[in-house]
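Please work through the following exercises with the sequence and the model open beside you. Each one sets a task and then gives a solution in steps.

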Amino acid sequence: MKLLVYGAGVCGSLFSARLHEAGLDVSLLARGERLASLRRHGVQLADGDGTAVRRVPVPVVEHPAGGYDLTAVLVRTHQVDAVLESLAGLEGDVLFLHNWAAGAEPLGEAIGHERVLLGFPPALAAGTMDGDVVRPRATTFMTRRVPMPIGEPDGRTTQRLERIVREFRTAGINAKAEPRMDAWLKTHAAFEVPLGQEVHAAGGPVALADDPDAVRGMLHLVRQNLAAMPTSPVPRTFAALQTLPEGLLVALLRRFLRSPTAVNSGLSNASPATVAELGRLAEQMRAHAKVR
């Protein structure tokens with residue numbers, strides 16, 4: 001299978017490097033200075049917190065061209081519209097791997113409904129960018145066990161879905177077919193938007209943890225979002241946010257916000273791009289609530 005990874009930020013760079021090192025036929029699409037850096041050095045991966053850098057010679061392209069069996073889109077939510085324009089005239093399946101709460105309909109209207117698959121990036125694609133060097137987030141036993149969900153918009157288990165999952169598993173990526181992928185993405189957004197916005201307002205995850213009233217307010221927003229969903233949360237464990245006692249949940253959330261997982265995650269990224277992505281996700285959720 002010939003793959004194109006669309007998006008050369010942290011997620012796209014790590015994902016394409018992993019696929020390339022596993023022997024898959026993959027190219028990485030980049031633009032501007034990032035493209036120039038990748039052509040000179042390849043994907044540069046930092047070794048933990050040290051200064052050693054490993055270079056992975058992933059082939060790079062500037063514009064999408066025909067001939068790809070699968071294009072994996074790893075960009076931020078507010079950047080998707082521009083990506084759709086460049087993919088509309090191409091052939092091949094497209095797997096959208098990013099935050100998204102608007103459903104598959106607008107994606108299919110732009111590129112063809114039969115081409116769309118939904119998913120979310122694997123834990124191995126998390127990290128930070130230090131100049132042109134990607135510093136992967138250290139994985140734990142738990143994060144390694146969390147599968148990368150991929151699904152058909154209508155929930156079917158198709159031959160192409162099974163083939164894609166099998167290819168990623170061969171590359172060492174813990175992928176799984178998720179029959180309720182749209183609900184999965186909406187559940188994630190229901191939690192991600194209040195959490196990300198409150199962390200940004202507080203000045204970081206630890207600062208939010210130090211304000212139990214703010215954590216409690218964030219939890220109330222999460223519960224409102226989950227209650228507005230037309231289906232039950234996916235995964236089912238998110239239902240605990242609706243049923244467990246508030247005091248217990250606030251304590252657990254404050255503990256999580258102080259953990260290395262939260263501190264070293266994208267929650268600590270206060271960039272304009274992060275703010276724009278959260279804003280677009282919030283718009284999608286509001287639109288969904290109005291339709292409902």
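**Exercise 1. Decide whether Arg-216 is buried, partly exposed or exposed, and find its salt-bridge partner.**

Solution. The model is a predicted one, and side-chain atom pairs count in it only at pLDDT 80 or more. Start with accessibility: the relative accessible area of Arg-216 is 28%, and because the partly exposed class lies between 20% and 50%, Arg-216 is partly exposed. Next, look for a carboxyl partner, which turns out to be Asp-213, with the closest N and O atoms 2.9 Å apart. Then place the two residues: both lie in helix α9 (residues 212–227), three residues apart, or about one turn of the helix. Finally, classify the partner, since Asp-213, at 57% relative accessibility, counts as exposed. Elsewhere, salt bridges with shared partners join Asp-93, Glu-152 and Arg-160 into one network.

**Exercise 2. Locate Arg-160 and list what it touches, leaving out residues up to four places away in sequence.**

Solution. Arg-160 belongs to helix α6, which covers residues 159–170. With a relative accessible area of 14%, Arg-160 is buried. Once residues up to four places away in sequence are set aside, its contacts are Asp-93, Glu-114, Arg-115, Val-116, Leu-117 and Glu-152. Asp-93 and Glu-152 in this list are also the residues joined with Arg-160 in the salt-bridge network.

**Exercise 3. State how many salt bridges the whole structure holds, and examine the pairs Glu-21 with Arg-54 and Arg-156 with Asp-154.**

Solution. As background, side chains of opposite charge can pair when their charged atoms come close. A search of the whole structure finds eleven salt bridges. In the one between Glu-21 and Arg-54, the closest N and O atoms are 2.2 Å apart. Glu-21 lies in helix α1 and Arg-54 in strand β4 (residues 53–56), so this pair ties together parts that are 33 residues apart in sequence. Both partners are partly exposed, Glu-21 at 47% relative accessibility and Arg-54 with a relative accessible area of 42%. Turning to the second pair, the side chains of Arg-156 and Asp-154 meet at 2.6 Å, N to O, and Asp-154 is partly exposed, with a relative accessible area of 48%.

**Exercise 4. Describe how helix α9 packs against α7 and against α11.**

Solution. Two packed helices are described by the angle between their axes and the distance between the axes. For helix α7 (residues 181–202) and α9, the angle is about 155° and the axes are 9 Å apart. Because angles over 145 degrees count as roughly antiparallel, α7 is roughly antiparallel to α9, and their crossing is right-handed. On the α7 side the contact involves Thr-187, Ala-190, Phe-191, Pro-194, Leu-195 and Glu-198, which meet Ala-214, Met-218, Leu-221, Val-222, Asn-225 and Leu-226 in α9.

For α9 and α11, the angle is about 110°, with the axes 10 Å apart, which makes α9 roughly perpendicular to α11. The residues of α9 in this contact include Arg-216, Met-218, Leu-219 and Arg-223, while those of α11 include Leu-249, Val-250 and Leu-253. Leu-249 is found in helix α11 (residues 246–258) and is buried, with a relative accessible area of 5%. Its contacts beyond four places in sequence are Leu-219, Arg-223, Ala-240, Leu-241 and Leu-244.

**Exercise 5. Sort the residues of helix α2 into a buried side and an exposed face, and say what covers the buried residues.**

Solution. Within helix α2 (residues 32–41), the buried residues are Arg-34, Leu-35, Ser-37 and Leu-38. Seen down the axis of α2, these residues fall within an arc of 165°, so they line one face of the helix. The face turned away from that buried side carries Gly-32, Glu-33, Arg-39 and Arg-40, which are exposed. The cover over the buried residues includes α1 (10–21), along with strands such as β2 (25–29), β3 (43–46) and β9 (127–130). His-41, also in α2, is partly exposed, with a relative accessible area of 27%. After α2 comes Gly-42, whose phi is positive, near 75°.

Conventions. Residues are numbered from 1 along each chain as its sequence is written. This is a predicted model: local features need pLDDT of at least 70, side-chain atom pairs count only at pLDDT 80 or more; totals for chains, interfaces and linings use all residues. Side-chain values use heavy atoms; hydrogens and water are left out. Buried means under 20% relative accessible area, exposed over 50%, partly exposed in between (1.4 Å probe, protein chains only). The arc is that of the directions from the helix axis to the C-beta atoms. Contact means heavy atoms within 4.5 Å. A salt bridge is a side-chain nitrogen of Lys or Arg within 4 Å of a carboxyl oxygen of Asp or Glu. Axes are lines fitted to C-alpha atoms, for helices over the stretch in contact, and angles run from 0 to 180 degrees between N-to-C directions. Angles under 35 degrees count as roughly parallel, over 145 as roughly antiparallel, 65 to 115 as roughly perpendicular and the rest as oblique. A crossing is left-handed if the near helix is turned anticlockwise from the far one by less than a right angle, and right-handed if clockwise.
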